[in-house]
Amino acid sequence: MVDCSHGNSSKDHRNQPKVCSDIAKQVAAGNQSIVGVMIESNINEGRQNIPSEEEGGVKALKYGQSITDACVSWEQTVPMLKELAEAVRARRAAASQ
């Protein structure tokens, strides 16, 4: 299992697609040790702090945005998943020959 976030992305969620591409290349090349990935993903990119009561509290939170780790958006996640799926298909095809 490889984490696309945290240390592998230099703690910058915007680097996750680059990390994911590198993982996909390794999978496509036949690496059998990689069995999964962890992507910090949500509907909306980034993260937010919980607003103070004066700012509206939890009712003022933006729907679909993390309050913990910064995330890539769903729009950024879809191509990452497609690239990984293609890499797995390539690895399976190579293994069956």
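**Entry 1: the loop between β1 and α1**

I began with K11, which is exposed, with a relative accessible area of 75%. The model is a predicted one, and I read every value below in that light. I located K11 in the loop between β1 and α1. I then looked up its backbone and found a phi near 55 degrees, a positive value in a residue other than glycine.

I turned to S10, which sits in the loop between β1 (2-3) and α1. S10 is not a glycine, yet its phi is positive, at about 55 degrees. I also checked the accessibility of S10: the value is 59%. Exposed means over 50%, so S10 counts as exposed.

**Entry 2: the loop between α1 and β2**

I next looked up S33, which I found in the loop between α1 and β2 (37-38). Is S33 buried or exposed? Its relative accessible area is 61%, so I recorded S33 as exposed.

I then compared sequence and space for S33 and M1. The two residues are 32 residues apart in sequence. Their C-alpha atoms are 8.3 Å apart in space.

**Entry 3: the nonpolar core**

Which residues make up the largest nonpolar core? I listed twelve: C4, V19, C20, I23, A24, V27, I34, I39, V72, M80, L84 and A87. I asked next which helices supply at least two residues each to this core. Both α1 (16-28) and α2 (74-95) do so. The largest share of the core comes from α1, with five residues.

I chose I39, one of the core residues, for a closer look at contacts. I left aside its neighbours within four places in sequence. I39 is then in contact with C4, Q16, V72, M80, L81 and L84. Among these partners, C4, V72, M80 and L84 are also listed in the core.

**Entry 4: a nonpolar surface patch**

I finally looked up nonpolar side chains at the surface. I50, V58 and I67 make a nonpolar patch of about 280 Å². Where does V58 lie? I placed V58 in the loop between β2 and α2. The relative accessibility of V58 is 57%, and V58 therefore counts as exposed.

**Entry 5: summary of the loop residues**

I closed by collecting the loop positions. S10 and K11 lie in the loop between β1 and α1. S33 belongs to the loop between α1 and β2, and V58 to the loop between β2 and α2. I noted positive phi values for S10 and for K11.

Note on methods. Residues numbered from 1 in each chain as written. Predicted model: local features only at pLDDT ≥ 70, side-chain atom pairs only at ≥ 80, totals over all residues. Heavy atoms only, no water. Core = buried A, V, L, I, M, F, W, Y, C linked by side-chain atoms within 4.5 Å. Buried < 20%, exposed > 50% of the residue type's maximum accessible area, 1.4 Å probe, protein only. Helix = DSSP H or I, 4+ residues; strand = E, 2+ residues; numbered from the N terminus. Contact = heavy atoms within 4.5 Å. Patch = residues over 30% accessible without salt bridge, like charges linked within 9 Å, V, L, I, M, F, W, Y side chains within 5 Å. Areas by Shrake-Rupley, 256 points an atom, 1.4 Å probe, with all protein chains shown as cover. Salt bridge = Lys/Arg side-chain N within 4 Å of Asp/Glu carboxyl O.
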